[in-house]
Amino acid sequence: MSEYKAGSNLEKVLKAGHFAFTGECGPPQGANIELLKEKAGHLKGCVDAVNVTDNQTAVVRMSSWAASLVLLQEGLEPNFQMVCRDRNRLAIQSDILGVYTHGIRNMLCLSGDHQKFGDHPESKNVFDIDSMQLINTVKTMRDDGKFLNGKDIDVPPRLFIGAASNPFAEPFDFRVYRLAKKIEAGADFVQTQCIYNMDRFREFMKRAVDMGLHEKCYLLAGVTPMKSVGMARYMAKQVPGMEVPESLIKRLKGAGKGKVAEEGIKFAIEQIHEFEEMEGVAGVHLMAIEWEHRVPEIAERAGVLPRPQV
Amino acid sequence: MIVAEPKPIKELLEMVQDFNKILVIGCKGCVTVCNVGGLKEVGILASTLKIARKKDGREIEVGEHVLERQCDPEYIDEVKDIIDDYDAVISLACGVGPQFLSERYPSARIFPGVNTKFMGGAVEHGVWSERCAGCGQCVIHYFGGLCPIARCSKSLMNGPCGGSSHGKCEISDDVDCIWDIIVRKMMAQGRLDELVKFRPPKSWTTARDGGPRKMVREELVI
């Protein structure tokens, strides 16, 4: 029996005690494999794994498993994302078997944005199970070798199980307990929502550490560099569960014309440095939205290169 | 109760444009309570149809009738002697009514006059809100007496999701995040231990997913 649950690069990096650095890649809105390979190329060598989003914001894109396979072929380690919005438990379990068969070893389990936000708001949603139950499904399949109906699996899939946590959504007091619940359900690692309010995140982490959650699960702090003041305002007002302090918007504005993006990157790098020192934080998940080409520079300047070979 | 809303008059006029003798049938059940298909609304619709068609120069005859309930065969029978006098019927009951009429009177042309919305109740005058999804296996006692199946946009059994913001759901500021209410209520009751308990996947066999539903209670079958 392997000492690892799944043996993914991400799991090995974390288990070896390295500060993990993961990236994100949104599949193309079409079959544009060249664009996908180009995005992947920017991330190669800079991150330990790449989270491949699953019809994010309920907009139709190349399926996350297919894009994950392309990344694998390109020599990157995908973190295959799955949402509960578009699949029932039959499709969920068969996709889990399928991705594992093709060499995928990490999976991020999410409920998914409601389709009302997306480009097919007329669609019917599924939500047969929720993200908590999805986490537990992957764990049950891996550790017990059973399907949700209790039947044995002929060669169980072994995946490193990821979950998301939003420390900023309300009710704030319950968020750390929900994180605990996800860990209890089977999460091996957790990516947080993009962090901008550092005070609130410090408080959240303190509570998580007090509960010993960092000893049961690897917590990756979510970082998304702000590209513009408009983006910061949009995140503050339009994205549910996102908290952007006015002081940050002020700081970006203060950078002056043509220098806002640089200020955004500076803030992100400061955050990464603080997370490296923060008790309980095992790594950073960098979500450079449609900014994959800036990831090498951010990684370089944050001092997280070269990535460890485990 | 079952909550419904009137279909737009334009849609109704298009539905019955080929007919000149129409019977509007109301219901004294839920649709009377939510002011959409009772005696008063039957009268208003009849008048509106007549006025609209008169304007078009194509006058019609509209009959009015209100049944005790349209979800009960014995009351549906009540119109057996008059229904053949009309070319078409508009039922102002929930989706059950026009179907009971269609089944009982195979040769009649039956049209729905309302859009059936949900099972819920009036939260204030003129405002109704959904409460039940009819999943067939009630579990609200796990959630502070509130239903996340019907009232969470994602039917989460282990909420709230990360989209909860200021007590509102991510889909709209008009929708309360039921999980916000559940969490606050249960924490205030000192029931955090129940809240952190993992709720396993629900069996949807008793819901619509299990196929069209039928209930037989042997002790009541004559």
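**View 1. A hairpin in chain B, seen at its β8/β9 pairing.** B:K168 finds its bridge partner in β9(B), and that partner is B:D176. This is a predicted model, and here we're looking at strand β8 (residues 168-169) and strand β9 (residues 172-176) of chain B. The two pair in the antiparallel sense, with two bridges between them. Just two residues sit between β8(B) and β9(B), and the whole unit is a hairpin.

**View 2. Strand β2 of chain B with its partners β3(B) and β4(B).** Strand β2 covers residues 21-27 of chain B, and six of its seven residues are buried, so the rest of the structure largely encloses it. On one pairing, seven bridges tie β2(B) to strand β3 (residues 61-67) of chain B, and the two run parallel. On another, β2(B) pairs with strand β4 (residues 88-91) of chain B, again in the parallel sense, over four bridges. B:V24 is a handy residue to click on: its bridge partner in β3(B) is B:E64, while its bridge partner in β4(B) is B:I90.

**View 3. The closed barrel of chain A.** Eight strands of chain A make a closed barrel, in the order β1-β2-β3-β4-β5-β6-β7-β8, with parallel pairing. Going from one strand to the next, the twist averages 30°. Zoom in on one of the pairings and you'll find strand β5 (residues 160-165) of chain A running parallel to strand β6 (residues 189-194) of chain A, with four bridges joining them. If you want a residue pair to go with that, take A:A163, whose bridge partner in β6(A) is A:V190.

**View 4. Helix α10 lying across three strands of chain A.** Helix α10 is made of residues 260-277 of chain A, and it lies across β1 (20-25), β7 (218-223) and β8 (281-286) of that chain. Relative to β7(A), the helix runs at about 165°.

**View 5. A:D54 and its surroundings.** Where does A:D54 sit? Look in the loop between β2 (50-52) and α3 (64-73) of chain A. Is A:D54 buried or exposed? With a relative accessibility of 3%, A:D54 counts as buried, because the cut-off for that is under 20%. The side chain of A:D54 reaches the backbone nitrogen of A:V83 at 2.8 Å. Leaving out residues up to four places away in sequence, A:D54 touches A:S64, A:Q81, A:M82, A:V83, A:R85 and A:R87. A:V83 therefore turns up in that contact list as well as in the 2.8 Å approach to its backbone nitrogen.

Methods:
Residues numbered from 1 in each chain as written. Chains lettered and ligands numbered in written order. Predicted model: local features only at pLDDT ≥ 70, side-chain atom pairs only at ≥ 80, totals over all residues. Heavy atoms only, no water. Pairing = 2+ DSSP bridges. Axes fitted to C-alpha atoms, helices over the stretch in contact; angles between N-to-C directions. Contact = heavy atoms within 4.5 Å. Buried < 20%, exposed > 50% of the residue type's maximum accessible area, 1.4 Å probe, protein only. Polar contact = N/O pair within 3.5 Å; in protein donor to acceptor, adjacent residues only side chain to side chain.
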